[in-house]
Amino acid sequence: AQMFADKAQLAHYEATRAQFEAFAASGWDSHKMTIYWMLNSHWPSFFGNIFDYYLRPGGAYYGAKKGLQPLSVVFDSYATGNHRQAKVTVVNQTPEEHRDLRVRVRTYDLRGRLRDDRAADDIGVDPGAAVQAMTLPSGPADSPVFFVRCELLDAANDVVAQNVYWQSQQADDVGPPANDAAFDSRQVSWADMTALNYLPKVALDVAARRDPTDPTESPGNAVVVRLHNPTPRIAFFQRAELLTAPDADEILPIEYDDNYVTVFPGETVEVYATVPAGGPEPGWVRVSGYNTAAQVVPIG
């Protein structure tokens with residue numbers, strides 16, 4: 001049951017992000033609206049809701065948040081043509097133009113090795129527009145699933161948006177467009193993500209501290225969770241949860257600036273969490289991921 005729940009969050013994240021990114025990156029000419037069913041569920045379910053009965057933000061919530069970034073960099077998962085070349089697009093969902101942007105895209109195999117690193121400079125995008133930044137060739141043939149890491153940087157070389165994708169060598173092909181018109185879509189081939197089950201295990205260094213800049217009425221209810229990966233492997237899809245006790249359930253309602261994050265070799269990711277004013281004071285953090293054992297640490 002736990003494995004099913006964990007994989008459901010992964011699937012929801014990917015599918016929900018894809019819907020909002022397709023709307024944003026396709027442009028007004030071909031994609032004038034999108035409808036998401038449904039925002040929330042009035043019972044515990046896996047039925048595509050962005051948040052559930054308990055107000056727990058799950059995979060769909062963070063997928064939607066990524067897909068709706070004001071400025072974003074989007075990988076199309078080899079969705080066009082012969083599925084051997086992918087498009088990377090810069091999306092601007094703000095009312096201001098943005099200039100002097102840079103896109104960096106890195107590809108990693110299942111062992112965490114960097115296999116491709118390329119960039120595109122001097123990118124400008126108008127308000128509400130999308131521009132193609134580059135194309136990507138096929139991923140490493142010896143890795144049945146690989147990771148595509150996209151970053152959007154500003155003129156000061158600061159990262160303003162990022163996305164991590166997991167991609168199967170086998171195309172997820174829903175067939176010709178005529179299938180949609182007939183409401184009779186017949187899948188031609190399915191992506192195979194089985195290899196994610198065999199990712200090398202990673203032991204993360206996890207620490208948490210109070211955020212002294214907490215603006216809420218309850219000082220101590222904002223926490224910074226630090227995830228450091230000292231290994232040469234990828235720590236995939238890591239979830240941080242604030243707790244009142246080591247064996248307690250997650251504090252709800254709660255806000256995280258991001259979650260289900262991926263920590264690349266030798267790098268550190270920080271997740272900022274806030275319990276609304278009047279909520280219980282967090283004392284512990286639990287971190288669990290696709291290829292990591294759950295850890296519970298006290299908040300310093």
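Leaving aside its neighbours within four places in sequence, which residues is Asn92 in contact with? Start with the first close-up; note that the model is predicted throughout.

**View 1. Asn92 and the residues packed around this side chain.**
Asn92 has its place in strand β2, which covers residues 86-92. Setting aside neighbours within four places in sequence, Asn92 is in contact with Pro70, Leu71, Glu97, His98, Val125, Asp126, Pro127, Gly128 and Ala129. Its relative accessibility is 1%, so Asn92 counts as buried. Two links are worth picking out here. One is a polar contact of 2.6 Å between the side chains of Asn92 and Thr94. The other runs from the side chain of Asn92 to the backbone oxygen of Val125, at 3.4 Å.

**View 2. The open sheet β1-β2-β5, with helix α1 lying across these strands.**
Here 3 strands make an open sheet, ordered β1-β2-β5, and they pair in the antiparallel sense. β1 (71-75) and β5 (130-136) are at the edges; each has a single partner strand, so one side of each has no neighbour in the sheet. On average, and ignoring direction, neighbouring strands of this sheet are turned by 20° against each other. Zoom in on β1 and β2 and you'll find an antiparallel pairing over 5 bridges. One pair to look for is Ser72 with its bridge partner in β2, Val91. Helix α1 (residues 2-26) lies across β1, β2 and β5 and runs at about 80° to β2.

**View 3. Thr89 and Ala25, a contact between strand β2 and helix α1.**
Thr89 is found in strand β2, while Ala25 lies in helix α1. Is Thr89 buried or exposed? At 12% relative accessibility, Thr89 counts as buried. Ala25 comes out at 24%, so this residue counts as partly exposed; the cut-off for buried is under 20%. Leaving out neighbours within four places in sequence, Thr89 is in contact with Ala25, Ser72, Val73, Val74, Ala130, Val131, Gln132 and Ala133. With the same neighbours left out, Ala25 is in contact with Val74, Thr89, Val91 and Ala130. To follow the helix away from this spot, look for Leu10: Ala25 and Leu10 are 15 residues apart along the chain, and their C-alpha atoms are separated by 22 Å.

**View 4. Helix α2 and what covers its residues.**
Helix α2 takes in residues 59-67, and 7 of its 9 residues are buried, so this helix is largely enclosed by the rest of the structure. Which residues of α2 are buried? They are Gly59, Ala60, Tyr62, Gly63, Ala64, Lys66 and Gly67. The cover over these buried residues includes α1, β1, β7 (159-168), β10 (235-243) and β11.

**View 5. The open sheet β8-β9-β13-β11.**
This open sheet has 4 strands in the order β8-β9-β13-β11, with antiparallel pairing. Its edge strands are β8 (205-210) and β11 (255-256), and each of them pairs on one side only. β8 pairs with strand β9 (residues 222-228) in the antiparallel sense, over 6 bridges. If you want a landmark in this pairing, find Arg209, which stands opposite Val224 in β9.

**View 6. The largest pocket and its lining.**
How much space lies in the largest pocket? It holds about 1500 Å³. Of the 45 residues that line this pocket, Asp76, Ser77, Tyr78, Ala79 and Thr80 are the closest to its centre. The elements giving two or more residues to the lining are α1, β1, β2, β5 and β7. Helix α1 supplies the largest share of the lining, with 8 residues.

**View 7. Asp117 and its link to Arg104.**
Asp117 is found in strand β4, residues 114-125. At 37% relative accessibility, Asp117 counts as partly exposed. Not counting residues up to four places away in sequence, Asp117 touches Arg104, Val105 and Arg106. With Arg104 the link is a side-chain to side-chain polar contact of 2.6 Å. For a sense of scale, take Trp28, which is 89 residues from Asp117 along the chain: the C-alpha atoms of these two residues are separated by 31 Å.

Key: Residues are numbered from 1 along each chain as its sequence is written. This is a predicted model: local features need pLDDT of at least 70, side-chain atom pairs count only at pLDDT 80 or more; totals for chains, interfaces and linings use all residues. Side-chain values use heavy atoms; hydrogens and water are left out. Buried means under 20% relative accessible area, exposed over 50%, partly exposed in between (1.4 Å probe, protein chains only). A polar contact is a pair of N or O atoms within 3.5 Å; within protein, one must be able to donate a hydrogen and the other to accept it, and residues adjacent in sequence count only if both atoms are side-chain atoms. Contact means heavy atoms within 4.5 Å. Two strands pair if DSSP finds at least two bridges between them. Axes are lines fitted to C-alpha atoms, for helices over the stretch in contact, and angles run from 0 to 180 degrees between N-to-C directions. On a 1 Å grid over the protein atoms alone, a cavity is a set of points where a 1.4 Å probe fits but cannot get out, and a pocket is an open set with protein on both sides within 12 Å along at least five of seven lines; lining residues have an atom within 4 Å of a point. Grid points are joined across faces, edges and corners, and a volume is the space filled by probe spheres set on the points.
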